[in-house]
Amino acid sequence: MMTPEEVAEYNEEALIADGLDEAIIGVAERINLGPVAAYSVEKICEILMTRDGMTYEEAIEFFEFNIKGSWMGEYTPVYIYTNEG
């Protein structure tokens with residue numbers, strides 16, 4: 001797990017998703033783009049279910065449409081599917 005402040009040590013311009021700090025699992029780099037925050041999809045869904053009372057299906061749908069589907073420029077976070085829960 002990594003904090004937004006630790007992500008900023010790699011790239012001060014890396015974008016951080018509001019309210020999802022606990023889902024940051026590290027920093028990812030892509031060719032020709034700066035380091036960005038890396039989030040666990042499973043942890044994002046856990047947060048949405050706990051915080052917002054969503055079912056798992058609702059959390060996945062919300063994630064895919066509203067979070068993963070958002071492009072905010074070259075410092076947009078990446079989302080990683082893991083087997084963590």
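This predicted model contains 3 helices and 3 strands. If you walk along the sequence, you meet them in the pattern α-β-β-α-α-β. Helix α1 covers residues 4-10 and strand β1 covers residues 24-30, with a loop between them. Strand β2 spans residues 33-40, and helix α2 is made of residues 41-52.

How big is the whole thing? The C-alpha atoms fill a box of roughly 35 × 20 × 20 Å, taken along the principal axes. A compact globule of 85 residues would have a radius of gyration near 12 Å, and the protein has 13 Å, so the two values agree. Of the 85 residues, 41% count as buried.

**The loop between α1 and β1**

Let's stop at this loop, where three residues are worth finding in the picture. N11 lies in the loop between α1 and β1. Is N11 buried or exposed? Its relative accessibility is 11%, so N11 counts as buried, the cut-off being under 20%. G19 is found in the loop between α1 and β1, and its relative accessible area of 48% makes G19 partly exposed. D21 belongs to the loop between α1 and β1 as well. With a relative accessible area of 36%, D21 is partly exposed.

**A patch of negative charge**

D21 also has charged company. Which residues gather with D21 in a patch of negative charge on the surface? They are E5, E6, E9, D18 and E22. A residue needs over 30% relative accessible area to be part of such a patch, and D21 has 36%. Another member of the patch is E9, whose place is in helix α1. At 68% relative accessibility, E9 counts as exposed, because the cut-off for that word is over 50%.

**A salt bridge in helix α2**

How many salt bridges does a search of the whole structure find? It finds 1. The partners are R51 and D52, whose side chains meet at 3.0 Å, N to O. R51 is found in helix α2. Both partners fall into the middle class of accessibility: R51 counts as partly exposed at 46%, and D52 counts as partly exposed at 39%.

**An unusual backbone angle**

Now look at the loop between β1 and β2, where N32 lies. N32 has a positive phi of about 65 degrees, although N32 is not a glycine. Is the residue N32 buried or exposed? N32 has a relative accessible area of 75%, so N32 is exposed.

**Distances along the chain and in space**

Some of the residues above can also be used to compare separation along the chain with separation in space. The table lists four pairs, with each distance taken from C-alpha to C-alpha.

| Pair | Apart in sequence | Apart in space |
|---|---|---|
| R51 and G26 | 25 residues | 22 Å |
| E9 and T82 | 73 residues | 24 Å |
| G19 and E74 | 55 residues | 21 Å |
| N11 and Y75 | 64 residues | 8.8 Å |

Take N11 as an example to try in the viewer. N11 and Y75 are 64 residues apart along the chain, yet their C-alpha atoms are separated by 8.8 Å. For G19 and E74, with their positions 55 residues apart in the chain, the C-alpha separation is 21 Å. The exposed residue E9 is 73 residues from T82 along the chain, and the C-alpha atoms of E9 and T82 are separated by 24 Å. R51, one partner in the salt bridge, is 25 residues from G26 in sequence and 22 Å from G26 in space.

Terms used: Residues numbered from 1 in each chain as written. Predicted model: local features only at pLDDT ≥ 70, side-chain atom pairs only at ≥ 80, totals over all residues. Heavy atoms only, no water. Patch = residues over 30% accessible without salt bridge, like charges linked within 9 Å, V, L, I, M, F, W, Y side chains within 5 Å. Areas by Shrake-Rupley, 256 points an atom, 1.4 Å probe, with all protein chains shown as cover. Salt bridge = Lys/Arg side-chain N within 4 Å of Asp/Glu carboxyl O. Lys, Arg positive; Asp, Glu negative; His and termini not counted. Charge placed at Lys NZ, Arg CZ, Asp CG, Glu CD. Helix = DSSP H or I, 4+ residues; strand = E, 2+ residues; numbered from the N terminus. Buried < 20%, exposed > 50% of the residue type's maximum accessible area, 1.4 Å probe, protein only. Rg over C-alpha atoms; globule rule 2.2 N^0.38 Å.
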